Amino acid sequence: MGNGKKAAITTNGVMTKRVNRLAVDHPQPPPKSGRGFTVWGQSRRLWKAPFCFRRGLGVATTLFILHSSLCTTQAQQLSPSARVSLITYGPGNEDISSSFGHTEIRIQDPVMGLDRNYSYGGFDYDADYFILKFLRGTLPYHISAHNLYQVLYYYQQTNRSVREQTLNFSLRQKQRLYDLLEENYRPENRLYSYRFYYDNCATRPRDRLMQATSDSLLFQNVLDSTKTFRQWMNDYLGEKPWERFGMNLALGAPADERAGAWRAMYLPNNLHDQLARALIRQPNGQTIAAVSDESPLFIQADIAKKTPPIVLFPEFVFAVLGLLVGWLTVQQYRRQQAGQASGLVWLDRLLFGFVGLCGWLLFLLWVATDHGVTAWNSTLLWLMPLHLPLIFWATNKRATPVRKRQYFGVTALLIIVGAVLSRVPGGADTILALTLLIRCVAQFGPMPSRQLVRQQTSESLRKSL
């Protein structure tokens, strides 16, 4: 739910160009003055100045630094005109990271000349071993700060809604929120470990709001508390069939827990909806609405969504594969009935070898990553990693019929159990599992025809005579 930062300010699904500071040329040094000392000259000439002058210059420099520090501290105090709000960006279709939307916190103070958005969706594309860290779930994300209007045009161009909820915080709560964000924005505090369901660009702003209000922010649980993490996620992946299929294959049992209203706020739209009905408890015990005003900064145009052609859906692709494998299996059956060699060892090795490779990837996502949602994946029952290399052990020339039938019999049982336990929507996994099951059943061979039995019996009698 957030994109990275490549030497640039970055928000969900967008990388804005670097905002270059004004290049102020260093003044040209004036002609050298007497006694070898010049204010604008190179530092190596400073030692030529009289000692008392150098000491006075050092004191003046120290006083200037202290004064600047005091001014900076004072500048961090928000005025009564300060305004804090939550910015919610709608889902996009650019890539998978933009599919779920994005959340930022905006701090404005016209007296200070401050207008800054804080985003927890940044990561560094130039990080060492970027792909490996991304797959393992160890890629550090960070908080970034920028002006809203640096990114607003991008969301307009990509037709993604932008909504602003002005928060009904007291000045003390606004200051507390600003201090928390600024403390988090310090270089040593910017990085955090991203977790898709538990710690992301929406949950972090939610938690900062709770901290700023000392837990007096009361959410009213307006969301469906019976939906699981997986179900909430799939609501946003309807137009991305392959991404939906792949992500659901990779998710394990933790994704099927009920999220509840609190944890469902890992999605920006859910956080927006919860905050719209939230209350703030005041010191006197009374409650007020948490949102004093909501305004759309950009309304998404009502454009017909592009649905991928059916031939690009995984269900169609695996259905075609299943029909092809079924046809080849029927031909194999007929040849076996006629007492001929089947010749489909290559097909079994290709299918189950590929399935085994996919199984190893899912297994590594479970044991070798920090995602937290890929453990106890029932898909591994039918995408069993040990198919690679066991399929070669079960189909080599020295494999006995008993070994072959044992291997495919156990595989068939695991496929059935895995298909029953599957939580992958759409049916593509079921079609693929049935395709594998066809090949398992085919290994047990057909009953020989009566004509073949008579022929074999006659040949046996002839040899015995």
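Which residues line the largest cavity? The views below take up this question and the nonpolar cores of this predicted model.

**View 1. Lining of the largest cavity.** Pro 241, Arg 244, Phe 245, Pro 314, Glu 315, Pro 425 and Ala 428 line the largest cavity. Its volume is about 30 Å³. The count comes to one cavity of 30 Å³ or more.

**View 2. Helices around the largest cavity.** Helix H7 (241–250) and helix H10 (314–337) are the elements that give two or more residues to the lining. H7 supplies the largest share, three residues. By class, five lining residues are nonpolar, two are charged and none is polar.

**View 3. The largest nonpolar core.** This core has 52 residues. Ile 107, Leu 177, Tyr 197, Leu 209, Leu 217 and Leu 275 have the most contacts inside it. Four strands and four helices are listed here, each supplying at least two core residues. The strands are S3 (83–89), S4 (102–109), S5 (114–123) and S6 (140–146). The helices are H4 (171–185), H5 (203–212), H6 (229–234) and H9 (268–276). In soluble globular proteins, nonpolar side chains tend to be buried together.

**View 4. Surroundings of Ile 107.** Residues up to four places away in sequence are not counted here. Ile 107 touches Leu 78, Arg 83, Val 84, Leu 114, Asp 115, Arg 116 and Tyr 118. Ile 107 also touches Leu 177, Tyr 178 and Leu 181. Of these partners, Leu 177 is, like Ile 107, among the residues with the most contacts inside the largest core.

**View 5. The second core.** A separate nonpolar core has 28 residues. Among them are Leu 249, Phe 352, Ile 391 and Leu 436.

Methods. Residues are numbered from 1 along each chain as its sequence is written. This is a predicted model: local features need pLDDT of at least 70, side-chain atom pairs count only at pLDDT 80 or more; totals for chains, interfaces and linings use all residues. Side-chain values use heavy atoms; hydrogens and water are left out. A nonpolar core is a set of buried Ala, Val, Leu, Ile, Met, Phe, Trp, Tyr and Cys residues joined through side-chain atoms within 4.5 Å. Buried means under 20% relative accessible area, exposed over 50%, partly exposed in between (1.4 Å probe, protein chains only). Contact means heavy atoms within 4.5 Å. On a 1 Å grid over the protein atoms alone, a cavity is a set of points where a 1.4 Å probe fits but cannot get out, and a pocket is an open set with protein on both sides within 12 Å along at least five of seven lines; lining residues have an atom within 4 Å of a point. Grid points are joined across faces, edges and corners, and a volume is the space filled by probe spheres set on the points. Ala, Val, Leu, Ile, Met, Phe, Trp, Tyr, Cys and Pro count as nonpolar, Asp, Glu, Lys and Arg as charged, and the others, Gly among them, as polar.
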